[in-house]
Each structure stands twice: as C-alpha cells, then as structure tokens.
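Okay, thanks for coming, everyone. I'll keep this short and walk you through one structure, so have a look at the screen.

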Amino acid sequence: MREIDVREIERAVRDLCVETNIVADTDVLDAFRKGMEEEESPVAREVLRTLLENARIAAEERLPICQDTGMAVVFLDIGQDVHLVGGGLEEAVNEGVRKGYREGYLRKSVVKHPVTRGNTGDNTPAVIHTRIVPGDGVKITVAPKGFGSENMSFVKMCTPTAGFDGIRKFVLECVRKAGGNPCPPIVVGVGIGGTFEKAAIMAKEALTRPLGERSGREDLARLEEELLGEINKTGIGPQGLGGKTTALAVHVNAFPTHIAGMPVAVNICCHAYRHAGKTV
Amino acid sequence: MAAIRVTTPLTDAVARKLKAGDSVLITGVIYTARDAAHQRLTEAVAKGERPPVDLKGQIFYYAGPSPAPPGKPIGSVGPTTSYRMDAFAPKTMELGLKGMIGKGPRAKEVIDAMKRHGAVYFAAVGGAGALLAKCVKAAKPVAYADLGAEAITELTVEDFPVIVATDAAGNDLYAAAAA
C-alpha cells in the first residue's frame, strides 16, 4: 500500500488546467502547417495562419488559446495499491480546478443549475471519471472541454447489423450537421459499443489520445483513416468557411456490446485540442 | 487579401457595401453580448424598458472573454457560436443593431432580418482568442455584471480582424461551403 496525499493530486490538476489551456498541442500546430500547404482557398489558408499566430501569442503572453477554457473533465486512473490521504479526492480535484482557473486567469464557464443557471464563479465542479486499475500510482488526465464543440456531439443507438457502413454514415451526418459551429478543424472522438453511457465516455476518452495516434485494432484504425478522408471531402473547411482541412484526426474506441444493439457516440472537439496528463 | 477598414458605429451605406468574403478590420467600440445578455435585454425591451445600450449602428460581439491578467485590458476574447443567439437577433436588429460578430452559420430568419435592416454578420476566427485580445485596447463593463463572463462589456478595438460571412444582401459563405 502506497500513501498519496490528495494535495499532490490537487497541485497536479491545478498545473494541468493552466498549461493545457495556454500552451497549444505541437501536433495540432504541425497539422495546421500541413493544412496550409494543402489548402487552395485563400480564406482557409488565412484561418490556419491566424490559428498558428494565435498559438504563438497565447504562449508568449500567457493567455488562454481560446477564451472558452472549458468545463474541466478529469480522468483518474487510481492504482488499487494506493491509499489516498489528506482529504477527499473529489474535493481535491475541485480545489485544483478552482486554483487553476483563478490563478491562470481562465474563464469561469460553469453554472450551478442547468436550467436556472447562475455562475459558480470558480469553474467547479469538474466532471470526474475514476477507474481503479492495477498499480500504486494515480494517473491524472485533464481535458478542458469547450461547449462550441460539445454542443455538436451526438449518440445514436444503431442496430446490430448496421456495420461499419452504418457507423460511417452516422459520423458523417454528425460532422455535416455540426458544420462550422464546433470550430473546425475538429478532432472527432467516436465510441462504439458498450451501453449508452459507455459509448459516450469512450468517445470522450478518445479525445485524450495523442493527435492522430491510430487505434491498436486494425479494423478500427482503418475506420479512423477512412472517416478522416471522408470528413475532409465534405468541403466544410477551417471555421466552416470552405476548404479541405475539416478534421485533423478521428479517434475510435470500442467495447463489447449487447446482441440487440450497437451504440455509437460522436464527441467533437474543436482545434483547441486540450488534454494533459501526469502520474503521481 | 486586402482588408477593408471600417469604424463604428456602422452607417447603412457602409454596412450595405460589405460583401460576403471581404476581410474587414474594425476600429471603434463594439459590445460583447451572448446568451444570457440577449435573453435579459430582449425581456427588458418586451416589458417596455430601454436596453442598457443604444444599439443604433452598433455591433454585438458574441463573446465571453477570459479574465484580464494584470496589466492587460482583457483576457482571450474569441467568438462564441452564433446560432444560439438566432432567436434574439432579429429583435436586436429592429433596435438598430448593424453588425454581429460570431462564428458559424445563421438561421434563415436572421438572414431575412439582416436584409430588412441592412445588417452584416461577421465571422471572427473561433479559438483565436489570444490574437484577437491584442486588438482590444480597453474594456469597460456596461451591464449585467452579475453574469460574469456573460456580461455586456464595451470593447474599444483597433483593426479587429473579421470576415464578412453573410452580407446585407443575404450572400452567405457558410451556405456556399456546405453546398
């Protein structure tokens, strides 16, 4: 049994919130450069150039890449040989978010009640997903999620015989429906199988993968490639103003499911592909 | 692309001359307003109250900035998705609004109202909040401070870069891209 003080987790969450909101993912910046070479439309090239310039300014001036610094989604993989001490785990995560958003001058975008609203003033609570895994460490992944793209996310309970064609059709339908709203170039997270909520969580977790990293399963890796190609043929383009660079990557996760169904969840992420991790 | 410079408030002649696809640099005063501010403003007007700012010739920027770090007038301030303001936008144009800055396509009702009132819809680059913040020289809270990031803030901007997404004749870049 290894003891870990939850204040160590709090500090990690604080730092990860700040850094991932301010420093752009270098893989994403490389993808913008590649897009600039491939785009023929001057507007598309100009948008990508602007995004590169924005990332430079954000890092230099220590400003968030995007003003929507998101609702904090935190994945915790907790080793089963860990004994957490020093306070409650959820409170520690929320305190980390509170400090990160205050001290990092990040926007407070969370309301107390989904219907009657009222800003909580400190961007808490975070959405926390915990898993118990073998080992004696705690892996923390912070993925702040902006709602321009979160609002363009969908779940469909497909039929068991819908196959890869059915999945492709649904994902493309979602991307077309989203159009310019989720701030393309987008990253598309897809969760296939499990149950209703499992599919959604898998789609979200797919958005914590390094940009463009292929699934370890050959059939899913092929699906990712095919979907990326098809999405970039829609013409939506950067910011929906037309072009070839609509998505930077498609990441697919899958899980066994019930004989009667095939849930498919599509979680879209904007080009501010923010995720950062640390193991304590 | 050579950009067209405009200053606020926008006159009818200037607004109607801008065409979809034009790059524009805005200088002057613009006002941030998003979901909650639109709801409050239109509810107040429906009750016969005056809006907290005179909208004649003005531009609404659909945005909720991040807090200003020490020594800066504002934090990151990029556009939010515009369709959420669609239900309120025709009313704001009726009150004199000449321009909207946001991102993403608008509803037919909004474009129809733009044609009626000679208003323009500009797209700013979503997720370029740090770059856009550099064009903001001053920020002053105007109304609904209790809404936090959703309050109406008066921004003094210099060469704020936007693209005409939909012009006052109804030409629409988003519709063209989706076709």
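**Starting from F196(A)**

Let me start with F196(A), which sits in helix α7, residues 196–206 of chain A. Keep in mind that this is a predicted model. F196(A) joins V155(A) and M157(A) in a nonpolar surface patch, and together they have about 290 Å² of accessible area.

Okay, zooming out. Chain A has eight helices and ten strands. Its radius of gyration is 19 Å, close to the 19 Å from the globule rule for 280 residues, so chain A is as compact as a globular protein of that length. Along the principal axes, the C-alpha atoms fill a box of roughly 55 × 50 × 40 Å.

What about the inside and the outside? Of the 280 residues in chain A, 55% are buried. The chain exposes about 11,900 Å², with carbon and sulfur atoms supplying 53% of that. And if you take contacts between residues at least 6 apart in sequence, 81% join residues at least 24 apart.

Now, helix α4 of chain A, residues 89–103. With 15 residues at 1.5 Å each, α4 should span 21 Å, and the end C-alpha atoms are indeed 21 Å apart, so that agrees. The buried residues of α4(A) include L89(A), V93(A), V97(A) and Y101(A), but also N94(A), E95(A) and R98(A). So what covers them? The cover includes α1 (6–22), plus strands β2 (71–79), β3 (82–85), β4 (127–133) and β5 (138–145) of chain A. One last detail: just after α4(A), Y105(A) takes a positive phi of about 55 degrees.

How values were computed: Residues are numbered from 1 along each chain as its sequence is written. Chains are lettered from A and ligands numbered from 1 in the order in which they are written. This is a predicted model: local features need pLDDT of at least 70, side-chain atom pairs count only at pLDDT 80 or more; totals for chains, interfaces and linings use all residues. Side-chain values use heavy atoms; hydrogens and water are left out. Patches are made of residues with over 30% relative accessible area and no salt bridge: like charges are joined within 9 Å, nonpolar side chains (Val, Leu, Ile, Met, Phe, Trp, Tyr) within 5 Å. Accessible areas come from the Shrake-Rupley method with a 1.4 Å probe; for residues, only the protein chains shown count as cover. A salt bridge is a side-chain nitrogen of Lys or Arg within 4 Å of a carboxyl oxygen of Asp or Glu. Helices (H or I, at least four residues) and strands (E, at least two) are DSSP runs, numbered from the N terminus. The radius of gyration is taken over C-alpha atoms; the globule rule is 2.2 Å times the number of residues to the power 0.38. Buried means under 20% relative accessible area, exposed over 50%, partly exposed in between (1.4 Å probe, protein chains only). Contact means heavy atoms within 4.5 Å. The expected span of a helix is 1.5 Å times one less than its number of residues.
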